[in-house]
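Me: I am new to this structure and would like a close look at a single part of it. Could you take me through that part slowly and connect it to its surroundings?
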Amino acid sequence: MRYTILLHYPELMAAGELDEATVQAGMAAFRKYAADLDAAGALISAEVLADSSATTTLRSVDGEFRIQDGPFADTKEQLAGTFVIDVADLDAALGWAKQAPSVAWGPVEVRPGMTHWQDGAWRARQ
C-alpha cells in the first residue's frame, strides 16, 4: 500500500536559531532516513519543499481565479516535505514515520494514497 508521510515544521524560525552544525546534522539524518527507506525498497519519492513564504495559492471564487502570494492558511506550522512509500500496511508506514528525523520538532502525518498516476493512467489504491 502507498502512504505519504507529511513532515510539518515550525513556520518561522528566527535567523541564526539553528547553528551550522545543527543544520548539517539534520541534513545527514534525512540523508540516512531516505537511504534506509530506499534500501528497504519502500521509497517511491521524497520532496523537500521551499518555505511557505514561497507559496502561491490559487482559488476559484465565483468562477474567477484568485491568486494569493503566500500560504492559504495562517498557521504556526508548514508542510515542509513528503516521503511517498509503498509498504505492507499502516503499521509499517507508522514504523517508518516514527523514524523521520523531524518527529522531534513537528508533527509527522501518515496518509494512505487513494490513487496515483503511473504509466499514463490513474491507478487505484491496492
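My request is about the largest pocket: which elements each supply at least two residues of its lining?

Reply: Happy to walk you through it. This is a predicted model, where local features need pLDDT of at least 70 and side-chain atom pairs count only at pLDDT 80 or more, while totals for chains, interfaces and linings use all residues. Residues are numbered from 1 along each chain as its sequence is written, and side-chain values use heavy atoms, with hydrogens and water left out.

Strand 1, helix 1, strand 2 and strand 5 each give at least two residues to the lining of the largest pocket. Helices (H or I, at least four residues) and strands (E, at least two) are DSSP runs numbered from the N terminus. A pocket is an open set of points on a 1 Å grid over the protein atoms alone, where a 1.4 Å probe fits and protein lies on both sides within 12 Å along at least five of seven lines; lining residues have an atom within 4 Å of a point.

The largest pocket holds about 740 Å³ of space, a volume being the space filled by probe spheres set on the points, which are joined across faces, edges and corners. Its lining is made up of 27 residues, and Tyr9, Leu18, Phe30, Ala80 and Trp105 are the ones nearest its centre. By type, the lining has 18 nonpolar, 6 polar and 3 charged residues (Ala, Val, Leu, Ile, Met, Phe, Trp, Tyr, Cys and Pro are nonpolar; Asp, Glu, Lys and Arg are charged; the others, Gly among them, are polar).

Now for the elements that supply the lining. Strands 1, 2 and 5 belong to an open sheet of 4 strands, in the order 2-5-1-6 with antiparallel pairing; two strands pair if DSSP finds at least two bridges between them. Strand 2 (43-48) and strand 6 (108-112) are the edge strands, each pairing on one side only. From one strand to the next, the twist averages 20°.

Helix 1 (residues 20-39) packs on this sheet and touches strand 1, strand 2 and strand 5 (77-86), contact meaning heavy atoms within 4.5 Å. The direction of helix 1 makes about 25° with that of strand 5 (axes are lines fitted to C-alpha atoms, for helices over the stretch in contact, with angles from 0 to 180 degrees between N-to-C directions).

Within the sheet, strand 1 and strand 5 pair antiparallel over 9 bridges, and Tyr3 has Ile85 of strand 5 as a bridge partner. Strand 1 (residues 2-10) also pairs with strand 6 in the antiparallel sense, over 5 bridges. There, Val110 of strand 6 is the bridge partner of Ile5, and Arg111 that of Thr4.

Helix 1 and strand 5 also share an aromatic pair. The structure holds 5 such pairs, counted when rings of Phe, Tyr and Trp (its six-membered ring) have centres within 6.5 Å; planes under 30 degrees apart are stacked, over 60 edge-to-face, and the rest tilted. The ring centres of Tyr33 and Phe83 are 5.0 Å apart with planes at 75°, so this pair is edge-to-face. It links distant parts of the chain, as Tyr33 in helix 1 and Phe83 in strand 5 are 50 residues apart.

For a sense of the surroundings, the second largest pocket has about 240 Å³. Met1, Arg2, Ile44, His116 and Arg125 lie nearest its centre, among 15 lining residues. Strand 7 (115-118) and strand 8 (121-124) are among the elements that each supply at least two of them. These two strands run antiparallel and are joined by 4 bridges. Overall, the chain has 2 helices and 8 strands.
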